[in-house]
Amino acid sequence: MVVDSQAPELVDSDFVAMMRASHLCVLIHDAATKNILWANPAACALLEWSVTELRPLKANHMSSSAQQYDRVIGRAWLHEAVEKGMSRIEWHYRSRSGRVIPTEAIAVRVELAQGPAVMVQFRDVEREQRVERELRQTTSYVDALARHTSTVAFMLDSAGAIRFATDTALAHLGLSGDADPPVGLLLESHARLRRDGTEVSWEQAAAAADPVEPVRLEIPGADPVTLEGSLERLRDVDAFLMILHDVSTRVRGEERRELELRHENYLARYNAMGDMAMAIAHELGQPLAAAANFIAGVHARAQVLETSGQVPEGTTGQLAYGLDSANRQIDRVSAIVSALRSFVGHLEHVEQVADLNAVIDECLYFVRLRAAAVGVEVEVRLSDQPVPVRCERVLTGQVVLNLCFNAIDEIVEGDAEQRRIELVTETRDEGGTVTVADRGRGVRKDVFAESFTSKEHGSGIGLALSYRIINRQHGSIWCRPREGGGSVFGFSLPPA
């Protein structure tokens with residue numbers, strides 16, 4: 001007999017055959033009594049009962065003993081399908097051997113030849129639930145890894161864009177882990193990649209990862225961070241995994257050790273300079289005295305020649321300016337040599353009381369002489385009141401000269417309109433203060449901490465010697481960037 005005009009090749013027995021061959025479990029219940037009328041082979045195999053054995057069983061015989069699978073609930077579920085046509089439930093069946101089987105069951109009202117019935121279709125979802133539990137557990141593990149590990153991890157696509165990052169990684173980039181992951185953010189926009197000590201682009205780093213390559217990530221900022229690890233090209237997916245660890249402390253330690261080594265070398269050179277200074281100071285005394293005598297002799301001889309008429313009148317006056325200037329330079333050198341011998345030769349410093357305004361006045365001649373030669377203007381603003389301090393007068397003046405000469409050298413290559421240094425004295429809480437300001441390139445680090453020169457030609461002894469002179473006099477010396485560009489060097493000495 002043909003049952004469907006659209007499929008004349010199918011007959012009633014074919015549907016029975018398909019029902020028997022189906023892996024979906026099927027139970028047929030009477031709509032009124034809820035008794036089992038029939039079960040397909042898949043249901044019999046799962047429940048471990050034959051059709052004959054299943055027919056007299058009730059819900060309490062073939063369901064879990066848990067309260068939510070009580071016989072009353074089961075009958076109510078089937079009755080709902082009778083009244084509404086369909087009802088869905090998660091039901092735990094119990095097999096003949098006692099195994100509890102979680103299922104997803106659908107009850108559907110069907111009209112049979114002998115009257116209405118309920119067809120229950122169900123399948124074993126135990127494996128699916130187990131997979132789901134494992135997936136949830138794995139997800140929790142991944143979430144814990146992302147949020148609670150100290151390891152820095154990035155998942156990157158072929159363009160170097162971040163697809164996943166641990167919270168620690170986001171924190172290093174200055175991003176919040178509470179917000180949505182910055183999917184699509186280029187790693188290069190927040191950090192620099194290095195390989196073998198050389199900065200490289202993302203394309204170069206990715207090309208070298210075949211499949212794994214060491215890599216260093218440097219994140220700039222007020223407190224720079226250095227990360228080291230590996231970049232791995234993942235198989236079967238177009239992605240890269242970067243695993244890093246924070247080595248900033250180690251890198252700073254290496255830099256500090258390198259600086260200490262350079263400083264030790266510098267101190268060795270400084271000690272040698274001290275020995276040389278003592279030798280030079282000892283040897284220069286007689287030549288300087290002789291030079292002063294020669295200048296005095298030239299001055300006296302010129303007067304004699306002018307008086308006797310052997311040279312034109314006024315010649316002595318013309319020579320006097322140059323001779324007096326040379327004599328002033330010799331006197332200055334003699335004073336510096338004498339002070340240096342005292343400074344280098346004794347652990348204690350010679351303490352005097354001096355007015356910083358007077359010290360500046362003594363130095364201005366030499367400062368303006370140096371500045372005029374390169375077209376630099378010297379602006380002086382002295383305190384209206386004396387600035388008395390305890391110091392070694394000559395050496396303190398030498399510190400002023402060092403700071404001024406450095407400022408002049410710094411701005412000589414710059415804009416002509418900016419060729420001006422400002423020399424200021426004032427009294428502050430910490431004592432008498434001198435500052436020298438310029439419009440040069442500005443300081444980028446603490447030059448007194450390193451005691452090294454950035455000049456192409458120079459020993460670096462000027463600032464280092466200034467630092468030691470001021471500190472041995474219980475003062476402080478500093479440098480800082482100047483607002484608007486340039487730098488400010490200054491020192492303070494204890495008040496008298």
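These are my notebook entries on cores, cavities and one strand in a predicted model.

**Entry 1: nonpolar cores**

I started with the largest nonpolar core, which has 39 residues. I looked up which of them have the most contacts inside it, and got Ile421, Leu423 and Phe491. Next I checked which elements feed this core with at least two residues each. On the helix side I noted H11 (356-373), H12 (393-411) and H14 (461-472). The strands are S15 (388-391), S16 (420-428), S17 (431-438), S18 (476-481) and S19 (487-493). H12 gives the largest share, ten residues.

I then picked Leu423 and listed its contacts, leaving aside neighbours within four places in sequence. Leu423 touches Ile360 and Leu364, and also Val400 and Cys404. Val434, Thr435 and Val436 are on the list too. The remaining contacts of Leu423 are Glu379, Val380 and Arg381, so charged residues turn up among the partners of this core residue.

There is also a second, separate core, with 28 residues. Ala31, Leu47, Val118 and Val120 are among its members.

**Entry 2: cavities**

How many cavities of 30 Å³ or more does the structure hold? I get three. The largest cavity has about 220 Å³ of space, and 18 residues line it. Closest to its centre I found His29, Lys34, Lys58, Ala59 and Leu78.

For the origin of the lining, I have S1 (25-30), H4 (59-62), H5 (71-84) and S3 (86-94), each with at least two residues. H5 supplies the largest share, five residues. I also sorted the lining by character: nine residues are nonpolar, five polar and four charged.

**Entry 3: strand S6**

Is S6 (residues 152-157) mostly buried or exposed? Five of its six residues are buried, taking under 20% relative accessible area as the cut-off. That is why I put S6 down as largely enclosed by the rest of the structure.

I looked up its strand partners next. S6 pairs with S12 (residues 239-246) in the antiparallel sense, over six bridges. In that pairing, Ala153 stands opposite Ile243 of S12. S6 also pairs with S7 (residues 162-165), again antiparallel, over three bridges. Here Phe154 stands opposite Ala165 of S7.

Finally, I checked the link between S6 and S7. The two strands form a hairpin with four residues between them. Gly160 sits in the turn, and I noted its positive phi of about 85°.

Definitions and conventions: Residues numbered from 1 in each chain as written. Predicted model: local features only at pLDDT ≥ 70, side-chain atom pairs only at ≥ 80, totals over all residues. Heavy atoms only, no water. Core = buried A, V, L, I, M, F, W, Y, C linked by side-chain atoms within 4.5 Å. Buried < 20%, exposed > 50% of the residue type's maximum accessible area, 1.4 Å probe, protein only. Contact = heavy atoms within 4.5 Å. 1 Å grid on protein atoms, 1.4 Å probe; cavity = no way out; pocket = protein on both sides within 12 Å on 5 of 7 lines; lining within 4 Å. Points joined across faces, edges and corners; volume = space filled by probe spheres on them. Pairing = 2+ DSSP bridges.
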